[in-house]
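Reader: I have a model open on my screen and would like a close look at one part of it. Could you walk me through a single strand and its surroundings?

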Amino acid sequence: MAEIFMRFPKGKSKALTLSYDDGVEQDVRLMEIMDQYGLKGTFNLNSGLFAPEGTVYPEGTIHRRLTDKQVSEVYTGCGHEIAVHGLTHPFLEKLQEHTAMWELLKDRENLENKFHTLVRGMAYPFGTYSDATVECLKKAGLVYGRTVVSTRSFDMPTDWLRLETTCHHNDPELMNLAKKFVEETPQRGSWMFYLWGHSYEFEEKDNWNILEEFAAFVGGHDDIWYATNIQIYDYVQAFGRLEFSADGNRIYNPTATELYFQKPGSSAPADCILPGAYFEF
């Protein structure tokens, strides 16, 4: 019986993604740095908290939310994912179920109508949730919910509705983790580096250099897939739909996605199973 493990598109062994919250002015600079180095990520927005048009923030204000018009200008066609962050950024687990559902569904509806897309992911406001909150996500058609739990590992998620991260950008181990991620290769399975934060924190702590150093170091590597949260989720779900013969030596790909895999210990390039095709060992 053949044993295989997942590789990402084009046979890449590693994936890297970012996730940033609140829809603030500093996202513009963040996105410029991400784009410069080819990084991809997800921006989690509160559509009920866009700043009024013409807002002028007092000097020294760090948390400067974008207006509705600015949100459209910044994120439309940006090449990154837009996701739910709660309509008004509440503690979802403290709300009654119908109110929590409203926070999720209305935010999702607003964002879908604004960007003419489907919005299927989210980040928990304040990083807090309960089992009841997770059930609300399912009912709202959301397939993943990002927490603020940092594992300092690259393990693939086992619970997408309680999605853990590798680390926050202010983690003192950030560059050590980045070095391990870039310079080593997973022998079995695949790795995912998941970075999260709020872009206003870079201004607050005057440490944009942290992101610039990180992006320059991890960007531009042939064995890393730079993807949004939902792209990685969809690929992993598609891989999980592979069908195997009784002896495990014949594989069928019922999805519309090219899927890549490798045998343990193999130094050969990853094999690809085309949509609707079989692979035999």
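Author: Happy to; we will start at one strand, follow its partners, and finish at a helix that shares its nonpolar core.

Please keep in mind that this is a predicted model. Find strand E2, residues 14–21, where 8 of the 8 residues are buried. In a regular strand, side chains alternate between the two faces of the sheet. In E2, Lys14, Leu16, Leu18 and Tyr20 lie on one side, while Ala15, Thr17, Ser19 and Asp21 lie on the other. Both faces are covered, and the polar names in that list are buried along with the rest.

Now for the partners. E2 pairs with strand E9 (residues 191–197) in the parallel sense, over 7 bridges. Strand E10 (residues 224–226) also runs parallel to E2, joined by 3 bridges. Leu16 is a handy landmark here: its bridge partner in E9 is Phe193, and in E10 it is Tyr226. A further parallel partner is strand E3 (residues 41–45), joined to E2 by 4 bridges. There, Tyr20 stands opposite Phe43. To get from E2 to E3, the chain passes through helix H1 (residues 27–36), and this β-α-β crossover is right-handed.

Some of these residues come back when you look at the packing. The largest nonpolar core has 51 residues, and Leu16, Phe43, Tyr75, Leu104 and Phe193 are those with the most contacts inside it. Leaving aside residues up to four places away in sequence, Tyr75 touches Gly23, Val24, Asp27, Met31, Phe43, Leu45, Leu66, Ile82 and Phe115. Apart from this core lies another, of 27 residues, including Ile4, Ala15, Val236 and Phe279. So Leu16, on one face of E2, and Ala15, on the other, are named in separate cores.

Tyr75 also leads us to helix H2 (residues 68–75), where Val71, Val74 and Tyr75 are buried. These three sit on the same side of H2, because they cover an arc of only 75 degrees around the axis. Turn to the other side of H2 and you will find Lys69 and Glu73 exposed. The cover over the buried residues of H2 includes H1, E3, strand E4 (81–84) and helix H3 (97–115). Just after H2, have a look at Gly77, which takes a positive phi of about 65 degrees.

Methods
Residues numbered from 1 in each chain as written. Predicted model: local features only at pLDDT ≥ 70, side-chain atom pairs only at ≥ 80, totals over all residues. Heavy atoms only, no water. Buried < 20%, exposed > 50% of the residue type's maximum accessible area, 1.4 Å probe, protein only. Helix = DSSP H or I, 4+ residues; strand = E, 2+ residues; numbered from the N terminus. Pairing = 2+ DSSP bridges. Right-handed = clockwise from strand over helix to strand, strands pointing away. Core = buried A, V, L, I, M, F, W, Y, C linked by side-chain atoms within 4.5 Å. Contact = heavy atoms within 4.5 Å. Arc of directions from axis to C-beta.
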